Amino acid sequence: MTTNYQPGKKILFDDSVMKDITQLIKYHCRDVLHHAGLSPPQKGSFNMVIRLRLTSTSAIIRFPIPGYSVFPDEKVTREVSVMRFLERHMGIRIPHVLHHGCIENPALGPYIIMEYIDHNADLVDELNTPGLPDEDRPVLDPNVNEDRLRSVYNQMAGLLLQVSKRSFTRIGCISNAAEDEFDDEWVVKHRPLSINMNELVQVGGVTNEDLPAMMETFETTEGYFLALAELHMTHLSSQRNDAVDDAQDCRTKYIARWTLCWVGQEGVFKLFCDDLRPANMLANSDFGYKISGAIDWEFTYAAPLKFVYSPPCWLLLERPEYWANGINGWERLYEARLEVFLQELRMREDVDIQRGVIGEENRLSGHMRESWDNGGFWAFDIVYWERIDRKFFGEGSLEDRIGLLTVEERDGMEAFVQRKLAEKGAYQGSSNPRQEYING
C-alpha cells in the first residue's frame with residue numbers, strides 16, 4: 001500500500017517535522033547530532049535528502065518524493081535489500097544502511113538512514129559541456145579530453161562488470177531469504193521494480209492493478225517481455241490525447257508492442273540497475289574524479305541478459321530522444337564513443353579476470369558490440385521501426401508484420417484503431433484540452 005505523505009521542502013522545514021527527524025536520528029544512530037544538526041533538504045529525481053551532521057561523522061536520511069516515487073514503501077525496501085547485497089559483493093563503496101522504516105508523521109513516510117560518503121562532485125562533472133547551467137540536462141563535452149573520457153568510461157565499465165557478475169534463476173527484485181541483514185543467501189522474491197513501471201503509473205495512465213503483482217517474478221525472458229508488451233499496450237490504450245497521429249500510426253504502435261515479446265528467450269538473469277549512470281557516482285575533484293561511492297540503487301533487479309548486454313545509454317550523458325540533432329545525429333556520435341567505451345571495458349575485463357574478480361563468462365564487451373550491431377539497443381515506436389524491426393524480421397511491409405501477430409491480436413487491432421481515432425477526434429474537439437499522459 002502506498003503511504004499518503006507529502007515531504008516537500010516547506011513541509012520538511014516545519015519545526016514539528018524536523019523535531020521528529022532529529023529524534024529518529026538520535027534513536028538509531030550511535031553518534032549524536034552535531035550542533036549544526038540537519039542540513040537543508042535537497043531534492044533529487046525521486047528522493048528528498050537531508051544530511052545529518054553528527055559529532056564524529058555524517059549520515060543522510062532520504063525520503064521518496066510522492067508524485068515522483070509511485071511505490072515509496074516498496075522502493076525503500078527493495079533498495080535496502082540490494083544495497084546490502086552490493087555492499088558485500090562489490091569492490092566499490094556502497095553507503096552502509098543504518099536503518100530504514102516508516103515515520104508515523106504523515107508528512108514523511110518511508111525513509112532510509114545511511115552513511116554519508118564525502119564528495120564534492122559526481123562523474124557528470126568530469127564530462128559535462130562547460131558553461132551549461134546546473135538546471136539544464138547534461139551533454140557530453142564535444143571537446144572532452146581523451147584521458148578524462150577514458151577514465152570515466154573505465155571506472156563505469158568496472159562497476160558494470162561487478163554488478164552483473166552474479167546470476168539468478170528468475171527475473172525480479174532480490175532479497176536475502178530470511179529478510180535478515182546478516183543472511184547471505186540472496187534470491188529473487190519480488191516483481192522487478194523498474195523506472196519504466198514508475199513512469200507509466202506516474203504519468204502514463206497505467207494503474208497499479210495493471211502491473212505485475214507484488215510477489216510476481218518471471219521464470220523466462222519471453223514471459224517477462226510478454227508482460228511488458230501488455231503493460232505498454234495498456235499505456236497506449238489508456239492515453240486520451242495525442243497518442244496516435246492517424247490509423248497507420250496506430251497500427252504501427254500496436255504491432256510494435258506485441259512483437260516486442262518475440263525478442264529473446266534466455267533462462268539466466270543478472271543484476272541490472274535502470275539508473276546506473278555517472279550522475280550517481282560520487283567523486284572528488286581533488287583526487288582525479290575517482291569514484292568514492294555509488295548511490296541510488298532503487299531500480300535494481302535481476303533482468304534478462306538482453307538488458308545487461310545492451311550498451312549503456314549514458315555514454316553521451318543525454319538520451320537519443322532529447323538530442324538536439326535528432327536520432328541519426330545522436331547515433332553517429334554515440335557509435336564513436338561506444339568504441340572507446342568497449343576498449344576500456346575489454347581492458348577492465350582482462351584485469352578483473354586476471355585478479356579473479358570475475359570469470360571469463362562475465363565478459364560484457366562482445367555482447368554489447370553484438371547488441372549494437374543487431375539493433376537490440378533500441379526501443380519503441382519511431383526508434384523501433386527505424387532500428388529494430390528489420391534487424392529481427394527482415395524486409396517487409398506493415399502487412400507482413402501483421403502476419404506475425406496471433407489471430408486474437410490481429411482480430412483486436414482494427415477495433416483498437418477505431419477506438420483510438422474516435423478518442424483523438426473527441427480530444428481535438430474539446431474546448432479546453434489538457435495533457436494527462438505522456439506520449440506513446
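Which residues gather in a patch of negative charge on the surface? In this predicted model, select Asp 125, Asp 134, Glu 135 and Asp 136, which together form that patch.

**Stop 1: the charged patch**

Keep Glu 135 selected and display the chain on either side of it. Glu 135 lies in the loop that runs between helix 4 (124-127) and helix 5 (146-163). Its relative accessible area is 68%, and Glu 135 is therefore classed as exposed, the threshold being over 50%.

**Stop 2: strand 6 and its two partners**

Next, select residues 109-115, which constitute strand 6. Seven of the seven residues in this strand are buried, so strand 6 is largely enclosed by the rest of the structure.

Add residues 58-64 to the selection in order to show strand 4, which runs antiparallel to strand 6 and is joined to it by four bridges. A useful point of reference in this pairing is Arg 62, which stands opposite Ile 112 of strand 6.

Then add residues 97-103, that is, strand 5. Strand 5 also pairs with strand 6 in the antiparallel sense, here over six bridges. To locate the register, centre the view on Gly 101, which faces Tyr 111 of strand 6. When inspecting these strands, it may be recalled that in a regular strand the side chains alternate between the two faces of the sheet.

**Stop 3: strand 11 and its two partners**

Move to residues 269-273, strand 11. Four of its five residues are buried, so this strand is largely enclosed by the rest of the structure.

Select residues 167-168 to bring in strand 8, which pairs with strand 11 in the antiparallel sense over two bridges. Within this pairing, Phe 168 stands opposite Phe 269 of strand 11.

Residues 300-304 form strand 14, which makes an antiparallel pairing with strand 11 over five bridges. Here Cys 273 is found opposite Thr 300 of strand 14.

**Stop 4: an open sheet of three strands**

Finally, select strands 7, 12 and 13, which make up an open sheet in the order 7-12-13 with antiparallel pairing. Which strands stand at the edges of this sheet? They are strand 7 (121-122) and strand 13 (290-294); each has a single partner strand, so one side of each is left without a neighbour in the sheet.

To examine one of the pairings in detail, display strand 12 (residues 281-284) beside strand 13: the two are antiparallel and share four bridges. Ala 283 has Ile 291 of strand 13 as its bridge partner.

How values were computed:
Residues numbered from 1 in each chain as written. Predicted model: local features only at pLDDT ≥ 70, side-chain atom pairs only at ≥ 80, totals over all residues. Heavy atoms only, no water. Patch = residues over 30% accessible without salt bridge, like charges linked within 9 Å, V, L, I, M, F, W, Y side chains within 5 Å. Areas by Shrake-Rupley, 256 points an atom, 1.4 Å probe, with all protein chains shown as cover. Salt bridge = Lys/Arg side-chain N within 4 Å of Asp/Glu carboxyl O. Lys, Arg positive; Asp, Glu negative; His and termini not counted. Charge placed at Lys NZ, Arg CZ, Asp CG, Glu CD. Buried < 20%, exposed > 50% of the residue type's maximum accessible area, 1.4 Å probe, protein only. Pairing = 2+ DSSP bridges.
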